[in-house]
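Trainee: I should like to examine one part of this model closely and then see how it fits into the rest of the chain. Could you take me through it step by step?

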Amino acid sequence: MIPPSWTSAPTPAFSPIPDPLTPARDITHAHFQAGDQVVVIKGVTSGELWGEAVRIVAPSWHTPTDEDGWRLRDATGGAQTFITAHPRYLVHLGRPCPDCLIYLRAMEDYLLPKYAGHDALIDCGWYTTTALNQLVHVADARGGR
Ligand SMILES: [Zn+2]
């Protein structure tokens, strides 16, 4: 009999730590536009930042913050293919963008030393998705909505 092969867990290891950078980010709604490819940084893996790559679809109201947000399409999102996020959660992907690079470098400086030597996929636990498909950063969820 052939023993079952060992496969690693399909879900990331959950390792909540504070994220002081994303809530403090100063980025306007108009920084993004429909069609942009972006990523939501959620954690680290093998010494690099890790996140969900999504495409911006259209402007959409972000109810958890009562501010203008963006509707996103996550090709691998299944039942949550379309979610709405606040602009400060988003980082341009696939093209040089100085504003987004500053944030990415700050995230790297903050996060990567904390997980030096870890190869596992680490979810830092900053984001949840509401029943209405609104992506909420933990810092924006404290209002109790
Ligand atoms: Zn950008």
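In the hairpin of β3 and β4, which residue takes a positive phi, and how many residues lie between the strands?

Mentor: The residue is D66, with a positive phi near 55°, and the hairpin of β3 and β4 has 4 residues between the strands. Please keep in mind throughout that this is a predicted model. The average pLDDT of the chain is 89, and 90% of the residues score at least 70. Among the elements, β4 has the highest mean pLDDT, 98, whereas strand β1 (residues 13-14) has the lowest, 82.

Let us begin with D66 itself. D66 is not a glycine, yet its phi is positive, at about 55°. D66 belongs to the loop between β3 and β4, and it counts as exposed because it has 10 C-beta neighbours inside 10 Å.

The two strands on either side of this loop run antiparallel, and 7 bridges join β3 (residues 48-62) to β4. One pair in this arrangement is H62, which stands opposite E67 in β4.

Following the chain through β4 brings us to a further turn. The loop between β4 (67-73) and β5 (82-85) contains D74. With 17 C-beta neighbours inside 10 Å, D74 is classed as partly exposed. Beyond its neighbours within four places in sequence, D74 is in contact with E52, V54, Q80, T81 and I83. The C-alpha atom of D74 is 6.8 Å from that of R55, although 19 residues separate D74 and R55 along the chain. β4 and β5 themselves pair in the antiparallel sense through 4 bridges, and R73 stands opposite F82 in β5.

The other partner of β3 to consider is β2. Here 8 bridges join β2 to β3, and these strands run antiparallel. Within this pairing, A53 in β3 is the bridge partner of V39. The hairpin of β2 and β3 has 2 residues between the strands, and S46 takes a positive phi near 50° there. S46, too, is not a glycine. It is placed in the loop between β2 and β3 and counts as exposed, because it has 11 C-beta neighbours inside 10 Å. D66, for its part, sits in the loop between β3 and β4, so your residue and S46 each lie in a loop that adjoins β3.

Strand β2 has further antiparallel partners. It is joined to β6 by 3 bridges, and V39 stands opposite V91 in β6. Another 3 bridges connect β2 to strand β7 (residues 121-123), again antiparallel, with L121 in β7 as the bridge partner of T45.

How, then, do these strands contribute to the interior? The largest nonpolar core has 23 residues, among which V40, A85 and L90 touch the most other members. At least two residues of this core come from each of β2 (37-45), β3, β4, β5, β6 (90-92), α1 (98-111) and β9 (135-137). The largest share, 4 residues, is supplied by β2. A85 illustrates the connections well: residues up to four places away in sequence aside, it touches V40, H62, G69, W70, L72, L90 and L135. H62, listed there, is the residue that stands opposite E67 in β4.

The helix completes the picture. The buried residues of α1 are C100, Y103 and L111. They lie on the same side of α1, because they cover an arc of only 65° around the axis. Their cover includes β2, β3 and β6. On the face turned away from this buried side, α1 carries the exposed residues P98, L101, I102, R105 and D109. The geometry of α1 can also be checked: its 14 residues should span 20 Å at 1.5 Å a residue, and the end C-alpha atoms are 20 Å apart, so the two agree.

Finally, consider the chain as a whole. It holds 1 helix and 9 strands, which follow the pattern β-β-β-β-β-β-α-β-β-β along the sequence. Of its 145 residues, 26% are buried. Among contacts between residues at least 6 apart in sequence, 57% join residues at least 24 apart. To return to your residue: D66 is an exposed residue in a hairpin whose strands, β3 and β4, are joined by 7 bridges and each supply at least two residues of the largest nonpolar core.

Notes:
Residues are numbered from 1 along each chain as its sequence is written. This is a predicted model: local features need pLDDT of at least 70, side-chain atom pairs count only at pLDDT 80 or more; totals for chains, interfaces and linings use all residues. A residue is buried if 20 or more other C-beta atoms lie within 10 Å of its own, exposed if 12 or fewer, and partly exposed in between; C-beta atoms are placed from the backbone. Two residues are in contact if their C-beta atoms, placed from the backbone, lie within 7 Å. Two strands pair if DSSP finds at least two bridges between them. A nonpolar core is a set of buried Ala, Val, Leu, Ile, Met, Phe, Trp, Tyr and Cys residues joined through C-beta atoms within 7 Å. pLDDT is the predictor's confidence in each residue, from 0 to 100. The expected span of a helix is 1.5 Å times one less than its number of residues. The arc is that of the directions from the helix axis to the C-beta atoms.
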